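Here's a quick briefing to help you find your way around. Keep the structure open while you read.

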Amino acid sequence: MEIKYDNVGWVYVRDRKILVNRSFGKEIFFVPGGKREGVEQDIDTLLREMHEEMSVHLDPGSVSYLQTFEAQVHGKPEGVFVRLACYTADYSGELTPSIEIEAMDWFSYADKERTSPVSQLVFDHLKSKGLID
């Protein structure tokens, strides 16, 4: 298995639904997150990406590791995988998609097929813990 993408994701659940977003030109939704820049640590990447993507400031003191998931990358050749280290965190500000995000939504477990393969693993995990409907 080749891990080509090593990303960090923010898992935020409200009213038993998970926050997801969709980039311009994409047909599927993802757990919000992104790639490290240089030698960034996970939390630095998470804070930066959520400010860039969702226009919010995560509270560094509330960041908590959830789990790391690995799956085939959507739209890439078979055998190209992404590793997504997921964290939860509180935020301040108003959730507003940035110029790189076309849409955001709140999905229940029934919506998981509309998300990337690695995001589907996050949905499965949250459902198994009784956190989403």
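Strand 3 and strand 9 run antiparallel to each other, paired over 6 bridges. Keep in mind that this is a predicted model. One pair to look for is leucine 19, whose bridge partner in strand 9 is tryptophan 106.

**The sheet**
- These two strands belong to an open, antiparallel sheet of 3 strands, ordered 2-3-9.
- Strand 2 (13-14) and strand 9 (101-107) sit at the edges with a single partner strand each, so one side of each has no neighbour in the sheet.
- Helix 2 (residues 117-128) packs on this sheet and touches strand 2, strand 3 and strand 9. Its direction makes about 175° with that of strand 3.

**Strand 3 and its hairpin**
- Strand 3 (residues 17-23) also pairs with strand 2, again in the antiparallel sense, over 2 bridges.
- In that pairing, valine 13 stands opposite isoleucine 18.
- The hairpin has 2 residues between its strands, and aspartate 15 takes a positive phi there, near 50°.
- Strand 3 is mostly covered, with 5 of its 7 residues buried.

**Helix 1**
- Helix 1 (residues 42-54) has 13 residues and reaches 17 Å from first C-alpha to last, close to the expected 18 Å.
- Its buried residues are Asp42, Thr45, Leu46, Arg48, Glu49, Met50, Glu53 and Met54.
- What covers them includes strand 1 (2-10), strand 3, strand 4 (33-35), strand 5 (57-58), strand 7 (80-88) and strand 9.
- Right after helix 1 comes serine 55, with a positive phi near 60°.

How values were computed: Residues numbered from 1 in each chain as written. Predicted model: local features only at pLDDT ≥ 70, side-chain atom pairs only at ≥ 80, totals over all residues. Heavy atoms only, no water. Pairing = 2+ DSSP bridges. Helix = DSSP H or I, 4+ residues; strand = E, 2+ residues; numbered from the N terminus. Contact = heavy atoms within 4.5 Å. Axes fitted to C-alpha atoms, helices over the stretch in contact; angles between N-to-C directions. Expected span 1.5 Å × (residues − 1). Buried < 20%, exposed > 50% of the residue type's maximum accessible area, 1.4 Å probe, protein only.
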